[in-house]
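Thanks for coming, everyone. I have one structure to walk through today, so please bring it up on your screens.

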Amino acid sequence: MSYKKTILLFLLLIPAISQAIFRVYTGNVGKNKADFYFDSETAVFVYTNGIDHQVRLLDFVKNNTNEFNFKTYYANSYKKMIDKIFIKDFNVVTFNDGSENYQQLAGYAFGKDSKINLDKIFEYNENSLDEAEFSNIDYLQRDSTKDFYFKVIVSKNQKEKAHIVGVKIFNKKDGRLIQVIDDISECEFHGYVSIKTNESFDFNFYGNNNSFFIVKDQLSGSNNIDKYYAYSYDKKQQKFVKLNLYGNDLSIDDEDKFAYSYKYCPGKKEDEVISLKNNFKCFENNRYKYVETECLYKEVGTMVVNSNLLVFTKQRECTPKELSNCRKFVDDPYED
């Protein structure tokens, strides 16, 4: 029996960050070198030297008189708390002001013998859209795969938003840089959630769960994130390769090695919708090929509240004109 996994991209994405301030600190936690990447008072960090190279997430607990208390989780397993971190002389209000304060951070972690000493090497305030300009800044990503973690390479021109120009991929076993992807374009920078992964989602069906995608933007809703870059790790080439997949909803058929993407456009009436389902076949060379588009004209019924899914009471195949008009409406690139 065919087993299907489904991922709804617009449900996975965290809403776009408003007036975020991004900071990068480098230094030491005890004897280990570490980099901390702050988005306001939230941070992700990883040891660049040491035994454990798992990405970690800091979660704010409380503000005492002279120290800021964070719970520390493995970033891909939020329920598993591993320790606490204390940052001294820290105030969340002044930290979020984006001032020149906090050039250094000090504190302790994993017991009072593990001192923290960090120096700020980068700061970007999204409010300073006109003045800010920088190139090729690394920014750690919260999501990782079974064997790898990621840093996006970010650049910004004056009067433009920051954008992703590349991706650095690191081996979790030893923290070693194993690949740089430097042909990324048309992807806005959204802090530590610019790359998304899913532990049960395997684009190349190798069973190693080493797949990721970079989202072009973070606008929620159907068709608003219909362009993204999907990659999977190719064991023969020993690197991540770009896949030919497009769409904002994506499901995978493990048995038949098919991927399906979905797009929608309005029908003639308010309670009618046209759905396009693009079918892709995965071949041995780790490449997908577009096969066909299925088009259905549907009448919308009720919504299942718990899953946010619509129930369609009636449906039929689209006419050629309906298919053509819907493709133009959602900017679908395929023609039968």
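Let's start with the surface. The chain exposes about 17300 Å². Carbon and sulfur atoms supply 47% of that area. A word of caution before we go on: this is a predicted model.

Now the overall makeup. The chain has 336 residues, and 48% of them count as buried. Its secondary structure comes to 3 helices and 22 strands. How do the contacts spread along the sequence? Take contacts between residues at least 6 apart in sequence: 46% of these join residues at least 24 apart.

Next, the inside. The largest nonpolar core holds 37 residues. Which of them touch the most other members? Those are Tyr139, Ile184, Phe212 and Ile214. Several strands each supply at least two residues of this core. Going along the chain, they are E2 (21–29), E9 (115–125), E10 (134–140), E11 (148–156), E12 (163–171), E15 (211–215) and E16 (228–234). E11 gives the largest share, with 5 residues. There is also a second core, separate from that one, with 18 residues. Val29, Ala43, Leu58 and Tyr102 are among its members.

Keep E11 in view, please. We now turn to a sheet that contains it. This is an open sheet of 4 strands, in the order E10-E11-E12-E13, and the pairing is antiparallel. Which strands stand at the edges? E10 and E13 do. Each has a single partner strand, so one side of each is left without a neighbour in the sheet. From one strand to the next, the twist averages 25°. Look at the E12 and E13 pair. They run antiparallel and are joined by 4 bridges. Across that pair, Val167 stands opposite Ile181 in E13.

Now two loop residues. A bit of background helps here. Most residues other than glycine have a negative phi. Lys159 is not a glycine, yet its phi is positive, about 65°. Find Lys159 in the loop between E11 and E12. Is Lys159 buried or exposed? Its relative accessibility is 63%, so Lys159 counts as exposed. The cut-off for exposed is over 50%.

Glu186 is the other one. Its phi is positive too, about 60°, and Glu186 is not a glycine either. Glu186 sits in the loop between strand E13 (177–181) and strand E14 (195–196). With a relative accessible area of 56%, Glu186 is exposed. Then look at Cys187, which counts as buried because its relative accessibility is 2%. For buried, the cut-off is under 20%.

That brings us to the cysteines. How many disulfides does the structure hold? There are 2. One joins Cys265 to Cys326, with the sulfurs 2.0 Å apart. This link is left-handed, with -125° about the S-S bond. Its ends come from distant parts of the chain, 61 residues apart. Cys265 is in strand E19 (residues 258–266), and Cys326 is in helix H3. Both cysteines of this pair are buried.

The other disulfide joins Cys295 to Cys318, at 2.1 Å from S to S. Here the angle about the S-S bond is -75°, and the link is left-handed. Cys295 belongs to strand E21 (residues 288–304). Cys318 is in the loop between strand E22 (309–317) and H3. They are 23 residues apart, and this pair also links distant parts of the chain. Cys295 and Cys318 are both buried.

What is the pairing if you number the bonded cysteines in sequence order? The pairing is 1-4, 2-3. One further cysteine to point out is Cys282. Its relative accessible area is 6%, so Cys282 is buried.

Last stop: helix H3. Leu323 lies in this helix, which covers residues 320–330. Is Leu323 buried or exposed? Leu323 is buried, because its relative accessible area is 16%. Now compare sequence and space for Leu323 and Glu294. In sequence they are 29 residues apart. In space, they are 9.1 Å apart, C-alpha to C-alpha.

To recap, we have a predicted model with 3 helices and 22 strands. The largest nonpolar core has 37 residues, and a separate second core has 18. The structure holds 2 disulfides, paired 1-4, 2-3. That's my tour. Thank you.

Key:
Residues are numbered from 1 along each chain as its sequence is written. This is a predicted model: local features need pLDDT of at least 70, side-chain atom pairs count only at pLDDT 80 or more; totals for chains, interfaces and linings use all residues. Side-chain values use heavy atoms; hydrogens and water are left out. Buried means under 20% relative accessible area, exposed over 50%, partly exposed in between (1.4 Å probe, protein chains only). A nonpolar core is a set of buried Ala, Val, Leu, Ile, Met, Phe, Trp, Tyr and Cys residues joined through side-chain atoms within 4.5 Å. A disulfide is a pair of cysteine sulfur atoms within 2.5 Å. Contact means heavy atoms within 4.5 Å. Accessible areas come from the Shrake-Rupley method with a 1.4 Å probe; for residues, only the protein chains shown count as cover. Two strands pair if DSSP finds at least two bridges between them. Axes are lines fitted to C-alpha atoms, for helices over the stretch in contact, and angles run from 0 to 180 degrees between N-to-C directions.
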